[in-house]
Amino acid sequence: SYTTDAKSREENKKTIESLYSLSVDIKKIRRLKEWVLLQDVAYVKEIAGILQEMGADETAVANILERCPEAILRTPEEINSQRALWQLVCQNEKQLIKLIEQFPESFFTTKYHQNQKANITFFQELGLKNNIITRFLTSAPNIFYNPVEKNKNVIETLQRNYLNLGGSEANMKIWILKLLSQNPFILLNTSTTIQENLEFLQKNDFTDHEVLQLLSKLKGFIFQLNATTMQKSMLFSKNVFNCSDQELKELVLKCPALLYYSVPVLEERLEGLLKEGISVAQIRETPMVLELTTQIVQYRIKKLSALGYDVKSGNLESLNGTKKDFEVSYGKIQSKKERPIFNPVAPIHIED
């Protein structure tokens, strides 16, 4: 939406001088977003002034403008409106300026101001805490660009399905808020996609209770899938583990990643495990190991091997889980190995 035609191919000298006076690295801007420097109108001093007013020091201002130079093309009115908007969910200006430093692009996207405002109000009414909303504003800003009606529609679809699947009215609010906090990107889907994915699971004989279980376990990722990819992934797992439909269903409930990951991802992870000498039977016993990347699996096997623990002969539980989970089980194996074996009937040697 900015002019970059032949007529205005020259850099705006006034813009360059103003940026220099703020110790901004012009070379960095030229390399990344030179088009900003070609614009006839820029509000360098004004935007810097607003940031300083909020508590940003010289280094912070330079850092913000280097990372998001298009900020200088916003009018002071737009930035002040955005400032007032973000203050609705920030504790104070100190927190606000910290967020702008970390996520300048999110703050300086002022195009959807009205949608952002309506969505903030909607999320507050829904019961989301302000610290969660600020997390959304910075890490998932796209959901605020949607018209509020679209987001309301998706939430209503989720609420309706939750009740239809046997969820209770009393728990619904907690369930929705948890789902949103874990994965706000579900709001980028359409109500139709959500409906189709749930119907796919029901057609594959998952009971209402099991579908509800999967929704909670998948943290909303199921809404970013489609029936075709889920079908392919399930078929791949069925062939690899050589199991019946009922057994496959049990595996998916144990490890929803079998539904979520595409066939190439599952193939690569399975291959990585087999190369380490792990059998298909072991993987079938502990399918959650497929949630880990090949690099993580290799690293964990190496660490356990150094302790003399052979994953090929045991179960894969010790490989499983988050980084924290692994460190706990690794620590247990380590302390077991280091603990001296105490023999209660051995004679005690006492020196004369």
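Is phenylalanine 236 buried or exposed? The first of the following legends takes up this residue; every view is drawn from a predicted model.

**View 1. Phenylalanine 236 and its surroundings in helix 15.** Phenylalanine 236 belongs to helix 15, which spans residues 227–241. With a relative accessibility of 16%, phenylalanine 236 counts as buried. When neighbours within four places in sequence are left aside, its contacts are Val263, Leu266, Glu267 and Leu270. Proline 264 lies 28 residues from phenylalanine 236 in sequence, and the two C-alpha atoms are 9.9 Å apart in space.

**View 2. The largest nonpolar core, centred on leucine 51.** The largest nonpolar core comprises 106 residues, and Leu51 and Phe108 are those with the most contacts inside it. Helix 12 supplies the largest share of this core, with six residues. Leucine 51 touches Ala56, Val61, Ile64, Ile97, Ile100 and Phe108, residues up to four places away in sequence not being counted. In soluble globular proteins, nonpolar side chains tend to be buried together.

**View 3. The packing of helix 9 against helix 12.** Helix 9 covers residues 130–139 and helix 12 covers residues 169–182; their axes are 10 Å apart and the helices pack at an angle of about 35 degrees. The crossing of these two helices is left-handed. Helix 9 contributes Ile132, Arg135 and Phe136 to the contact, while helix 12 contributes Leu180, Ser181 and Gln182. Sorted by class, the residues of this contact are three nonpolar, two polar and one charged.

**View 4. Helix 4 and the buried glutamate 66.** Helix 4 runs over residues 58–67 and contains glutamate 66. The buried residues of this helix are Ala60, Val61, Ala62, Ile64, Leu65 and Glu66. Their cover includes helix 1 (13–21), helix 2 (26–33), helix 3 (44–53), helix 6 (93–102) and helix 7 (104–108). Why does glutamate 66 count as buried? Glutamate 66 is placed in that class because its relative accessibility is 13%, and the limit for a buried residue is under 20%. Apart from residues up to four places away in sequence, glutamate 66 touches Ser23, Val24, Asp25, Lys28 and Ile29.

**View 5. Two loop residues with positive phi.** Most residues other than glycine have a negative phi. Serine 23, although not a glycine, has a positive phi of about 60 degrees. Serine 23 is located in the loop between helix 1 and helix 2, and at 44% relative accessibility it counts as partly exposed. Among the residues touching serine 23 is glutamate 66, shown in the preceding view. Aspartate 205 also has a positive phi, near 65 degrees, and is likewise a residue other than glycine. The loop that holds aspartate 205 lies between helix 13 (191–203) and helix 14 (208–217). Aspartate 205 counts as exposed, its relative accessibility being 58%.

**View 6. Lysine 111 in the loop between helix 7 and helix 8.** Lysine 111 is found in the loop that lies between helix 7 and helix 8, the latter comprising residues 113–126. Is lysine 111 buried or exposed? A relative accessible area of 69% makes lysine 111 exposed. Glutamate 78 is 33 residues from lysine 111 along the chain, and their C-alpha atoms are separated by 9.0 Å.

**View 7. Cysteine 243 and cysteine 255, without a disulfide.** How many disulfides does the structure hold? The number of disulfides is zero. The cysteine sulfur closest to that of cysteine 243 is in cysteine 255, and these two atoms are not bonded because 12 Å is too far for a bond. A disulfide would require the sulfur atoms to be within 2.5 Å. Cysteine 243 is buried at 7% relative accessibility, and cysteine 255 is buried with a relative accessible area of 0%.

**View 8. The buried residues of helix 16.** Helix 16 consists of residues 245–254, and Leu248, Lys249, Leu251, Val252 and Leu253 are buried in this helix. Lys249 is thus listed among the buried residues together with leucines and a valine. The elements that cover these buried residues include helix 14, helix 15, helix 17 (257–260) and helix 19 (280–285). One of these, helix 15, is the helix that contains phenylalanine 236, the subject of the opening view.

Note on methods
Residues are numbered from 1 along each chain as its sequence is written. This is a predicted model: local features need pLDDT of at least 70, side-chain atom pairs count only at pLDDT 80 or more; totals for chains, interfaces and linings use all residues. Side-chain values use heavy atoms; hydrogens and water are left out. Axes are lines fitted to C-alpha atoms, for helices over the stretch in contact, and angles run from 0 to 180 degrees between N-to-C directions. Helices (H or I, at least four residues) and strands (E, at least two) are DSSP runs, numbered from the N terminus. A crossing is left-handed if the near helix is turned anticlockwise from the far one by less than a right angle, and right-handed if clockwise. Contact means heavy atoms within 4.5 Å. Ala, Val, Leu, Ile, Met, Phe, Trp, Tyr, Cys and Pro count as nonpolar, Asp, Glu, Lys and Arg as charged, and the others, Gly among them, as polar. A nonpolar core is a set of buried Ala, Val, Leu, Ile, Met, Phe, Trp, Tyr and Cys residues joined through side-chain atoms within 4.5 Å. Buried means under 20% relative accessible area, exposed over 50%, partly exposed in between (1.4 Å probe, protein chains only).
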